[in-house]
Amino acid sequence: MAKPNKKGPQTSVDIFCSRCGTQLYRYRKGGKGALVKCFKERITVDYTATPCVCPGCGNEFARETLIRGAPAYKMIGGKVRMK
């Protein structure tokens, strides 16, 4: 399978923790669907100190994985929301 496009789409979304509302990432997302995964190369601003853990409440919101050979975060359902 092909790797995701490094440049990615132009539309950016803000990703927040569902529990406490702390901003986690600014991400270049493609498509209209729900946020299932975040490729690390498309994250423009990272507000987390440790990967996949919310800095506000300490809640784990994702898991690190490889998708199509590229490092990514697989989101846990209902733990994050985006605007």
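**Exercise 1.** Determine whether Asn59 is buried or exposed, and list its contacts outside the local sequence.

*Solution.* In this predicted model, Asn59 has a relative accessible area of 12%. Buried means under 20% relative accessible area, exposed over 50%, and partly exposed in between, with a 1.4 Å probe and protein chains only. Asn59 is therefore buried. Asn59 is found in the loop between β4 (43-46) and β5; strands are DSSP runs of E with at least two residues, numbered from the N terminus. Leaving aside neighbours within four places in sequence, Asn59 is in contact (heavy atoms within 4.5 Å) with Arg19, Cys52, Val53, Cys54 and Lys79.

Local features need pLDDT of at least 70 and side-chain atom pairs count only at pLDDT 80 or more, while totals for chains, interfaces and linings use all residues. Residues are numbered from 1 along each chain as its sequence is written, and side-chain values use heavy atoms, with hydrogens and water left out.

**Exercise 2.** Describe the aromatic pairs of the structure and state what they link.

*Solution.* The structure holds two aromatic pairs. Rings of Phe, Tyr and Trp (its six-membered ring) pair if their centres lie within 6.5 Å; planes under 30 degrees apart count as stacked, over 60 as edge-to-face and the rest as tilted.

1. Tyr25 and Phe61 are edge-to-face, at 5.8 Å centre to centre with 70° between the planes. Tyr25 lies in strand β2 and Phe61 in the loop between β4 and β5, so this pair ties together parts 36 residues apart in sequence.
2. Tyr25 and Tyr73 are stacked, at 5.9 Å centre to centre with 5° between the planes. Tyr25 is in strand β2 and Tyr73 in strand β6, 48 residues apart.
3. Ring pairs thus link Tyr25, Phe61 and Tyr73 into a cluster.
4. Tyr25 counts as buried at 0% relative accessibility, and Tyr73 at 7%. Phe61 is buried as well.

**Exercise 3.** Identify the residues with the most contacts inside the largest nonpolar core, and the strands that supply it.

*Solution.* A nonpolar core is a set of buried Ala, Val, Leu, Ile, Met, Phe, Trp, Tyr and Cys residues joined through side-chain atoms within 4.5 Å. The largest has 20 residues, and those with the most contacts inside it are Ile15, Leu24, Tyr25, Tyr27, Phe61, Tyr73 and Met75. Strands β1 (12-17), β2 (23-28), β3 (37-39), β5 and β6 each supply at least two residues of this core. The largest share, four residues, comes from β6.
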